[in-house]
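Here are some short exercises to work through with a protein model on your screen. Try each task yourself before you read the solution.

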Amino acid sequence: MPAVFSPALLRAEYPILAEDLAPGVPLHYLDNGATGQMPRAVLDSVIAHETRSRANVKRSVHTLAERATNAYDAARDAVADYLNVDARDLVLTPGCTMAINLVAHSYGSLLSEGDGIAVSTLEHHANMVPWQMLAARRGLRLVPLPMTPDGRLDMAALPGLLDGVKLVAVTHASNVTGAITPVAAVAALAHAAGAVVLVDGAQMAPHGPVDVPALGCDFYALSGHKLGAPNGIGALWGRRDLLAAMPPFLGGGEMIRSVRFEASTYARPPQRFEAGTPPIGPAVGLGAACRFHAAIDHAAANAHLMDLTGRLIDGLKARCGNRLRLIGPDDLAERLPLVSFIVEGTHPHDICQILDRRGVALRGGHHCAQVLHEAFGVAGSARASLAAFNDRGDIDACLAGIEDAMKVLLP
Ligand SMILES: Cc1ncc(COP(=O)(O)O)c(C=O)c1O
């Protein structure tokens, strides 16, 4: 990792960027919000683990098993450091979706009929559907938290909606509008109303270490593959007293204290919530990904990313004129480097297909946020989501592809 932030040096850390997609077609990867690319440090850590330390964890005493256990524990420590939390309160899960489902099942089982769960309308389905299912199972009220016309959580509406609410579920940053939620303010309001707060950090965590205690939330979930770790790993941090009071989500090996035929007793968190063989290799990769991202100068990276985001928005406006509709804030304050847009008279999938011919990877569709798109009165959008390794060449290739799309789709 270079000591000084440089997109060019950072690019060199990603093997996938070194290869053209097809002869003469370099990759311009602008779909980082869907899955982050894997830096060499992560690839190396997984290969080293699988070739030198492959074994199950916390079971056998042979050398490989000890190595695997140490590697798994070190991964948990690295994720905990990234979130500035104690590793004893950090559960490794098979993804962000699983982390949220864990809370919905386990913490949710402690709620009573008629209790409210407030969920923002900005949420990814991963932070909406589990709460709908919980509400249906347990007779709870699902309370929608509205957004502003430019796609931010409507903070002015919040205090009036929290009566009887026991849990507030919000995203740290929207995967569609890019808006960053003022979580500390949400947590202060929620706690005053007697509710706990779960934050979906899937989109925020790839943009640098998160000071979870400063957010004041009660649960924080993240997704490994968005940080460039292998698929099938994520994490859930929970407030110690809440985790301690929560029943297990899944049953099986390693989550128990003792098993009798009639009944079992359970281990302390985090093991209570890690039934069965965990995704050890992916966890090792997530630990390496956290160390990799922690070493980036994120203040410099963010300035670079905001420059690129501004260039992209200006370029879209110049090329699409009044056919352009941005799904999210136009100004760059408190937002992620991602741009969701619609070009009236075109379909987002068609735009993405035309861009793909130039090696530009964008995502088109509802991005697992149908409620959000419905609030904007559209079925889907095209989305460019940037990472610190992106450069002006990527943005200019995207804008050139948009010019192609305008010619082809709107002759
Ligand atoms: C905001 C948000 N939350 C949750 C998820 C789901 O994460 P995972 O794929 O780790 O289950 C995503 C993935 O797209 C996301 O963007």
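This is a predicted model, and the C-alpha centres of its domain 1 and domain 2 lie 29 Å apart.

**Exercise 1. Find the two domains and describe how they meet.**

Step 1. Begin with the bounds. The domain assignment gives domain 1 as 7-30 + 298-409 and domain 2 as 44-294.

Step 2. Now look at the contacts between them. On the domain 1 side, 29 residues are in contact with 27 residues of domain 2.

Step 3. Turn to the nonpolar residues inside. The largest nonpolar core has 64 residues, and those touching the most other members are Val79, Leu83, Val168, Cys217 and Tyr220. Helix H3 (residues 63-83) gives the most to this core, with 8 residues.

Step 4. Put this together. Both domain 1 and domain 2 give residues to this core, so it lies between them.

Step 5. Look for another core. A second, separate one has 39 residues, including Tyr29, Ile296, Leu316 and Leu399.

A general idea to keep in mind: in soluble globular proteins, nonpolar side chains tend to be buried together.

**Exercise 2. List what Cys217 touches beyond its sequence neighbours.**

Step 1. Recall that Cys217 is one of the residues touching the most other members of the largest core.

Step 2. Leave out residues up to four places away in sequence. Cys217 then touches Val183, Ala187, Val197, Val199, Val212 and Trp237.

**Exercise 3. Decide whether Cys320 and Cys352 form disulfides.**

Step 1. Remember what you are looking for: a disulfide is a covalent bond between the sulfur atoms of two cysteines. The cut-off used here is a pair of sulfur atoms within 2.5 Å.

Step 2. Check Cys320. The closest cysteine sulfur to its own is in Cys398, 9.6 Å away, which is too far for a bond.

Step 3. Check Cys352. The nearest cysteine sulfur is that of Cys398, 9.1 Å away, and Cys352 is in no disulfide.

Step 4. Compare with the whole structure, which holds 0 disulfides.

Step 5. Add the surroundings. Cys320 is buried, with a relative accessible area of 4%, and Cys352 also counts as buried, at 11%.

**Exercise 4. Identify the residues around the ligand, then pick out side chains with polar atoms close to ligand atoms.**

Step 1. Collect the surrounding residues. They are Gly95, Cys96, Thr97, His124, Ala126, Asn175, Asp200, Ala202, Gln203, Ser223, His225 and Lys226.

Step 2. Start with the ligand nitrogen. One nitrogen atom is 2.5 Å from an N or O atom in the side chain of Asp200.

Step 3. Move to ligand oxygen. An oxygen atom is 2.7 Å from an N or O atom in the side chain of Gln203. For His225, a polar side-chain atom lies 2.8 Å from an oxygen atom of the ligand.

**Exercise 5. Place Ala173 and connect it with the ligand surroundings.**

Step 1. Locate Ala173 in the loop between strand S5 (165-171) and helix H6 (183-192).

Step 2. Is Ala173 buried or exposed? Its relative accessible area is 0%, so Ala173 is buried, since buried means under 20%.

Step 3. Leave aside neighbours within four places in sequence. Ala173 is in contact with Ala179, Ile180, Asp200, Gln203, Met204 and Leu336.

Step 4. Make the link. Asp200 and Gln203, both touched by Ala173, are among the residues around the ligand.

**Exercise 6. Look for backbone features in three loops.**

Step 1. Find the cis peptide bond. The bond from Pro269 to Pro270 is cis, with omega near 0°. Pro270 lies in the loop between strand S10 (264-266) and helix H9 (280-294).

Step 2. Look at Glu254, in the loop between helix H8 (240-245) and strand S9 (256-259). Its phi is near 75°, a positive value in a residue other than glycine. Glu254 is partly exposed, with a relative accessible area of 29%.

Step 3. Look at His367, in the loop between strand S14 (363-365) and helix H12 (370-375). The phi of His367 is near 55°, again positive in a residue other than glycine. His367 counts as buried, at 1% relative accessibility.

Note on methods:
Residues are numbered from 1 along each chain as its sequence is written. This is a predicted model: local features need pLDDT of at least 70, side-chain atom pairs count only at pLDDT 80 or more; totals for chains, interfaces and linings use all residues. Side-chain values use heavy atoms; hydrogens and water are left out. A nonpolar core is a set of buried Ala, Val, Leu, Ile, Met, Phe, Trp, Tyr and Cys residues joined through side-chain atoms within 4.5 Å. Buried means under 20% relative accessible area, exposed over 50%, partly exposed in between (1.4 Å probe, protein chains only). Helices (H or I, at least four residues) and strands (E, at least two) are DSSP runs, numbered from the N terminus. Domain bounds come from an automatic or database domain assignment. Contact means heavy atoms within 4.5 Å. A residue is near a molecule or strand if one of its heavy atoms lies within 4 Å of it. A polar contact is a pair of N or O atoms within 3.5 Å; within protein, one must be able to donate a hydrogen and the other to accept it, and residues adjacent in sequence count only if both atoms are side-chain atoms.
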